[in-house]
Amino acid sequence: MIYLGYHATTPVDRRVADRVYHFMTEEFGNSSSTDHEWGDRAETAIKQAAKQVADLIGASPREIVWTSGATESLNLAIQGSLAPNPTQPHRI
């Protein structure tokens, strides 16, 4: 059988799945809420992940942008590729 639905879902490397599962069940916290220990740990984990991804692709961690899914990612890519036009702001 040939699976052609990878645009909707793809297999995840077991190491990634295990790490995500850990943070979903044991180390959960809002990385934007840094006024408590859970948020601080989540923020540290997000920064560590950005560094790892950046190292993998030869980028700066500041260049790594996390999105909530494909639609947000595509909109960000489209808006980022459009030439600036102050008289007509881009709307998506």
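The dialogue below walks through the features of this predicted model, one at a time.

Reader: Which conventions should I keep in mind before reading any values of this predicted model?

Author: Residues are numbered from 1 along each chain as its sequence is written, and side-chain values use heavy atoms, with hydrogens and water left out. Because the model is predicted, local features need pLDDT of at least 70 and side-chain atom pairs count only at pLDDT 80 or more, whereas totals for chains, interfaces and linings use all residues.

Reader: How many helices and strands does the protein have?

Author: Helices (H or I, at least four residues) and strands (E, at least two) are DSSP runs, numbered from the N terminus. Here the protein has three helices and zero strands, and read along the sequence it follows the pattern α-α-α. The radius of gyration is taken over C-alpha atoms, and the globule rule is 2.2 Å times the number of residues to the power 0.38. For this protein the radius is 17 Å, well over the 12 Å that the rule gives for 92 residues, so the protein is more spread out than a compact globule. Its C-alpha atoms fill a box of roughly 50 × 50 × 25 Å, taken along the principal axes.

Reader: What percentage of the residues count as buried, and what do the contacts between residues 24 or more positions apart account for?

Author: Buried means under 20% relative accessible area, exposed over 50%, and partly exposed in between, with a 1.4 Å probe and protein chains only. Of the 92 residues, 7% count as buried. Contact means heavy atoms within 4.5 Å, and residues 24 or more positions apart account for 0% of the contacts with a separation of 6 or more. As a single example of distance, Pro-11 and His-36 are 25 residues apart in sequence and 34 Å apart in space, C-alpha to C-alpha; Pro-11 lies in the segment before helix H1 (14–25) and is exposed at 65% relative accessible area.

Reader: How many salt bridges are there, and where do they lie?

Author: A salt bridge is a side-chain nitrogen of Lys or Arg within 4 Å of a carboxyl oxygen of Asp or Glu, and by this rule the count comes to six. Among them, Asp-18 and Arg-14 meet at 3.1 Å, N to O; being four residues apart in helix H1, they are separated by about one helical turn. Asp-18 is partly exposed at 39% relative accessibility, while Arg-14 is exposed at 62%. In helix H2, Glu-43 and Lys-47 are likewise four residues apart, about one helical turn, and their side chains meet at 3.6 Å, N to O. Arg-15 and Asp-13 form a salt bridge at 2.8 Å, N to O, and Glu-27, Glu-37 and Arg-41 are linked in a network of salt bridges.

Reader: Which rings make the aromatic pair, and how are their planes set?

Author: Rings of Phe, Tyr and Trp (its six-membered ring) pair if their centres lie within 6.5 Å, with planes under 30 degrees apart counted as stacked, over 60 as edge-to-face and the rest as tilted. The structure holds one aromatic pair: the rings of Phe-28 and Trp-38 have their centres 5.8 Å apart and their planes at 45°, so the pair is tilted. Phe-28 lies in the loop between H1 and H2 and Trp-38 in helix H2, so the pair ties together parts that are ten residues apart in sequence. Phe-28 is partly exposed, at 44% relative accessibility.
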